[in-house]
Amino acid sequence: MNRRLLNPDTASDLEVRRILDDPKISGFTMIAGAGSGKTTSLVKALDHVIATRGKKFLANRQQVACVTYTEIAKQEIEGDLAHNPIAHVATIHSFLWTLIEPFQLDIRLWVQEYGAERLAQLESELAGLSSRVGPKRRAELSRSIARLRNGLARVDTVTRFRYGVARSYGEGIVGHDDILRMVPELIVRKPLFTRVVSRRFPLVFVDESQDTFERFVRCLRHVAIEERDHFCLGFFGDPMQKIYMQGVGDIAREDDWEDVQKPENFRSPLRILDVINGIRVDGDNLVQVSGLPREKQREGEVTYFVFPADDRRMERLERARVWLAANSGIGAWQPLDGADSTKILVITHRMAARRLGFENLYDAFHGSRLSDDFDEGRAWPLRPFVGTILPLAEAARSNRAALLPMLRRTCPILQPEALVGTSTHETLKTISKGLDEVLGVLNTGGPDSIRRALNVSREYGLIELDDRLAPFLIADEAPGSSEESDSLDRAINAMMKCDVTELNGYWSYIGQQSPYSTHQGVKGAEYKDVLVVLDDEEGRHFQFSYDKLFGLRPLSPAERARQSAGEDTTIDRTRRLLYVCASRATEALAIVLIADDVDAAITALNDFTATRPAAIVTAEVVDAWSAAETDR
């Protein structure tokens, strides 16, 4: 049996079972804080449904649906349930497509209706452009209008619609955004679809409900109300862990729904538990308690730093890490198995790029349509390096045995068709010489060395280069120098000019081999020792502000108005982000506040920690200690 199913039941697990067995209850919400084992409760609820209704569901060709936020979560839950066919586990888009795919005529009619509305919007936008708008924007709109008009003209010839990442109506492809708009709209508008959901999936559980799209939640609520006698809806989440703007946040409950709270925390030591409860206190009324037996509970350690917002912040951050390791009262901040166990959380990828030495590469892509792909390690212009050149270089340096198998997979001049009529010995000599030259470029770096590394790799047949990169390989002829050039051209040209050594830090970062992650990128994860960097100036992120959270900078009039109206504000979003970060640590937590006014920041932190005293360490303390250590 899966480990989660073997965990002891909590009171909230038993409460959920009671609700599921009561036909008079059509819905519930479970609020489960960080470290509570929310996924365990979700898996236990699914297992209970399988055990109590599995035979009936099979006979009626029904399933219990579990809608997750990511593909990774989907695979994890399916594994916990041993891929039991009674449970249909899917991401939001996949679940919606499962519902709509059999109704091809409805898809066609919706595409025609929505496509016509979108076309009218684009045409109106083009007609209303100010004379000050440049020709580039006009050309972009004109191309979008032409593509959409051409696609709509071919919709009637589509034999079957399918689901893809990006829409292409003429080819019968509806995209991500279409699915999220179309299916909830049809469920709410057409009683047939409401009945289809309830008859096929009498029970629907939504994981990470706080980050779920509001439109999706609204359509499920509609089913729960209209099909009250045939349907039960359960939400598993935590409003305090909502970190995406599009998320619905708190789930308002219907009259016959029940609220289940899971206050246990099985991750955080007691001192860290005090901190996250202090962060949470103004967010909701859930107070977390340790879920561990008393003999397994541990104190943990919390340290606060306040550093000035000057050009020595990176140097001081490194000194803080050394100071923590030397001054920990519980032996925290030490390497595990020879590797650094510290996770440093920064507000944006830019902050990690600056510390890991790939800031120019970051700047090259940000501002282009490939910025998200760059952050996630899948920008196609960098694929030759991430997929081939860097792994080859690493193997050439440290694992020669792995080199030849890698070359056989990736090297075009080693493919069987390329070897016909050639000398294999000479080909291998060419490859060896090419590798030596590439390694020389990678080791020495310098301006324009990304371009040089690509040219050498192509010249010696080490890689098959994407045709889209060819125009950028000759510096003097590279596009992207005029004002009218596309932002992608400018991004690739800027990438070519970068120092190839920046790719080492980038490769380490996207491969999770560095100690850095963003605040938003660690939800659901846990680490032994966590150092959270709070730096508004370096973050440049309008959605979050630690200065405003701690009262070091006032809210704008618009934010005060939203606060008075009970709407989500910068303070609310930042509080949630800090909660997510602080709750990752399993042993020790350090929070570094970078501030323009150090004295005010210390006062603010003292107020923040008034009921749970913690050490506040200044730059002077760290610098003096570091100097003393150097003198020894």
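User: In what order do the six strands of the open sheet come?
Analyst: This is a predicted model, so take the layout in that spirit. The pairing in the sheet is parallel. Strands E13 (516-518) and E16 (615-618) each have a single partner strand, so they stand at the edges with one side left without a neighbour. Neighbouring strands are turned by 25° against each other on average, direction ignored. Reading across, the order is E13-E12-E14-E15-E11-E16.

User: Which residue in E15 stands opposite valine 533?
Analyst: Strand E14 (residues 527-534) and strand E15 (residues 585-595) run parallel, and seven bridges join them. Opposite valine 533 you'll find valine 592.

User: What angle does the direction of helix H28 make with that of E16?
Analyst: Helix H13 (residues 349-356) packs on the sheet too, touching E12, E13 and E14, with about 165° between its direction and that of E13. Helix H28 (residues 619-631) touches strand E11 (301-308) and E16. For H28 against E16, the angle is about 70°.

User: Is glycine 33 buried or exposed?
Analyst: Glycine 33 sits in the loop between strand E1 (27-32) and helix H3 (38-59). Beyond its neighbours within four places in sequence, its contacts include Asp238, Arg280 and Tyr579. Its relative accessibility is 4%, and the cut-off for buried is under 20%, so glycine 33 counts as buried.

User: What is the relative accessible area of glycine 37?
Analyst: Glycine 37 lies in the loop between E1 and H3. The unreviewed UniProt entry lists Gly37 under "binding site", along with others including Gly33 and Lys38. Glycine 37 counts as partly exposed, because its relative accessible area is 27%.

Definitions and conventions
Residues numbered from 1 in each chain as written. Predicted model: local features only at pLDDT ≥ 70, side-chain atom pairs only at ≥ 80, totals over all residues. Heavy atoms only, no water. Pairing = 2+ DSSP bridges. Helix = DSSP H or I, 4+ residues; strand = E, 2+ residues; numbered from the N terminus. Axes fitted to C-alpha atoms, helices over the stretch in contact; angles between N-to-C directions. Contact = heavy atoms within 4.5 Å. UniProt positions renumbered as here; feature names shortened; annotations may be inferred. Buried < 20%, exposed > 50% of the residue type's maximum accessible area, 1.4 Å probe, protein only.
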